[in-house]
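Reader: I would be grateful for a close look at the charged side-chain contacts of this structure. Please describe the partners, where they lie, and whether they are buried or exposed.

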Amino acid sequence: MTVLEQPGAYRPTPPPGWQPRVDAAPLLPDAEPYRLLGTAAAADISPDLLIRLHRELVRGRRYNTQATALTRQGRLAVYPSSTGQEACQVAAGLVLEDRDWLFPSYRDTLAAVVRGLDPVDALTLLRGDWHSGYDPHAHRVAPLCTPLATQLPHAVGLAHAARLKGDDVVALALVGDGGTSEGDFHEALNFAAVWQAPVVFLVQNNGFAISVPLAKQTAAPSLAHKAVGYGMPGRLVDGNDAAAVHEVLAEAVRRARGGGGPTLVEAVTYRMEAHTNADDATRYRPDSEVEAWRAHDPIALLEEAMRDRHLLDDEGARAARESAERLAADLRTRMHQDPVLDPMALFEHVYADRTSQLREQAAQLRAELDAEAADAGKGE
């Protein structure tokens with residue numbers, strides 16, 4: 001028996017460094033996802049915002065169905081649909097200022113399009129033409145990211161650098177529930193909170209990491225509860241309520257821009273389609289579950305609220321659908337045009353100054369291309 005184990009032994013009070021650094025209570029999320037549509041507070045939502053959200057939701061749904069069709073036609077190698085998650089995508093695309101940055105994952109092409117990226121450019125990676133089909137700096141949209149959660153530390157780094165430079169910039173990083181099981185998620189949130197970086201993390205909890213349900217990934221009460229472990233607020237929101245997602249994200253962006261540090265937002269939504277066109281979702285979830293979520297469709301929820309406030313009629317709904325059809329037709333036409341690719345472009349945008357290895361490889365490829373062209377000329 002040690003001295004401290006003896007009855008009545010002196011046990012000193014831990015020094016201040018052992019005490020809680022912050023009060024945990026304000027960081028905890030609500031017990032239920034935050035909602036606006038269908039509540040009394042919905043009457044205070046800006047009509048202009050509701051109209052904009054509705055237009056983008058309808059266009060986003062059509063964008064998803066058209067991109068999915070393009071995979072069946074061989075024009076896309078793969079497409080991870082965000083059908084059912086459009087409220088999260090649209091809110092993320094609209095909530096930022098022009099100077100801010102969006103850090104998407106591979107399922108977030110719609111968010112990039114809503115932010116202003118050309119739909120064809122947004123799909124270039126999934127077509128297999130380029131690693132990134134657009135200039136990230138010109139659009140303030142980081143390259144679409146296929147590895148899970150690796151974009152999160154990048155978002156923190158950019159936000160922290162902007163703060164050090166005195167730039168009024170906020171980064172919004174998107175990730176799925178599966179990405180929260182990655183080490184990059186932990187590292188990003190830890191650094192963001194320690195540095196008080198102006199970054200917002202939006203977790204789109206769509207129920208499955210491919211075929212793995214959330215219950216097999218974490219035992220936490222919610223993903224938003226993970227925020228308290230890093231020292232930042234956690235917000236839980238209905239991810240199919242476009243107005244609620246926009247409000248929660250807007251509040252988090254304002255907080256970050258004002259020096260309040262990062263926020264973790266969990267949007268509870270559902271992936272209506274398969275993980276990608278290569279996935280068979282019927283193997284791991286029943287049709288009854290999908291149908292239950294279909295009744296909580298983000299477009300239907302918003303349209304009901306808008307009709308109650310006389311902000312949407314049949315003519316307005318038809319105009320939104322016609323706008324969506326024009327987007328789909330333009331996307332379909334341009335994606336059916338075979339791209340003209342230069343193999344030498346493989347060496348562009350890798351390093352500002354090419355390494356000796358890249359110079360050697362580029363010279364080798366140029367020699368091979370010249371030889372092929374010479375042989376083709378002889379055949380003519």
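Author: Glu86 is a suitable place to begin: its relative accessibility is 0%, so this residue counts as buried, the limit for that class being under 20%. The model is a predicted one, and the values that follow are computed from it. The buried Glu86 is the partner of Arg61 in a salt bridge, in which the closest N and O atoms are 2.6 Å apart. Arg61 belongs to helix H1 (residues 47–72) and Glu86 to helix H2 (residues 86–94), so this contact ties together parts of the chain that lie 25 residues apart in sequence.

A second salt bridge joins Arg75 to Asp338, again with 2.6 Å between the closest N and O atoms. Here the pair links distant parts of the chain, 263 residues apart: Arg75 is in the loop between H1 and H2, while Asp338 is in the loop between helix H12 (314–335) and helix H13 (356–379). With a relative accessible area of 21%, Arg75 is partly exposed. Asp338 has a relative accessibility of 59% and therefore counts as exposed, since that class begins over 50%.

The third pair to consider is Arg257 and Asp100, whose side chains meet in a salt bridge at 2.6 Å, N to O. Arg257 is found in helix H9 (residues 242–257), and Asp100 in the loop between H2 and strand S1 (101–103); the pair therefore ties together parts that are 157 residues apart in sequence. The two partners fall into separate accessibility classes: Arg257 is partly exposed, with a relative accessible area of 24%, whereas Asp100, at 0% relative accessibility, counts as buried.

Charged contacts also occur as a network. Salt bridges link Arg52, Arg55, Glu56 and Arg59. For the model as a whole, the count comes to 20 salt bridges, including the pairs Arg61 with Glu86, Arg75 with Asp338 and Arg257 with Asp100.

A nonpolar part of the surface may be set beside these charged contacts. Phe191, Val194 and Trp195 form a nonpolar surface patch, and together they have about 310 Å² of accessible area. Of these residues, Trp195 lies in helix H8 (residues 183–195). Trp195 has a relative accessible area of 33% and is thus partly exposed; this value meets the requirement for patch residues, which is over 30%.

Methods. Residues numbered from 1 in each chain as written. Predicted model: local features only at pLDDT ≥ 70, side-chain atom pairs only at ≥ 80, totals over all residues. Heavy atoms only, no water. Salt bridge = Lys/Arg side-chain N within 4 Å of Asp/Glu carboxyl O. Helix = DSSP H or I, 4+ residues; strand = E, 2+ residues; numbered from the N terminus. Buried < 20%, exposed > 50% of the residue type's maximum accessible area, 1.4 Å probe, protein only. Patch = residues over 30% accessible without salt bridge, like charges linked within 9 Å, V, L, I, M, F, W, Y side chains within 5 Å. Areas by Shrake-Rupley, 256 points an atom, 1.4 Å probe, with all protein chains shown as cover.
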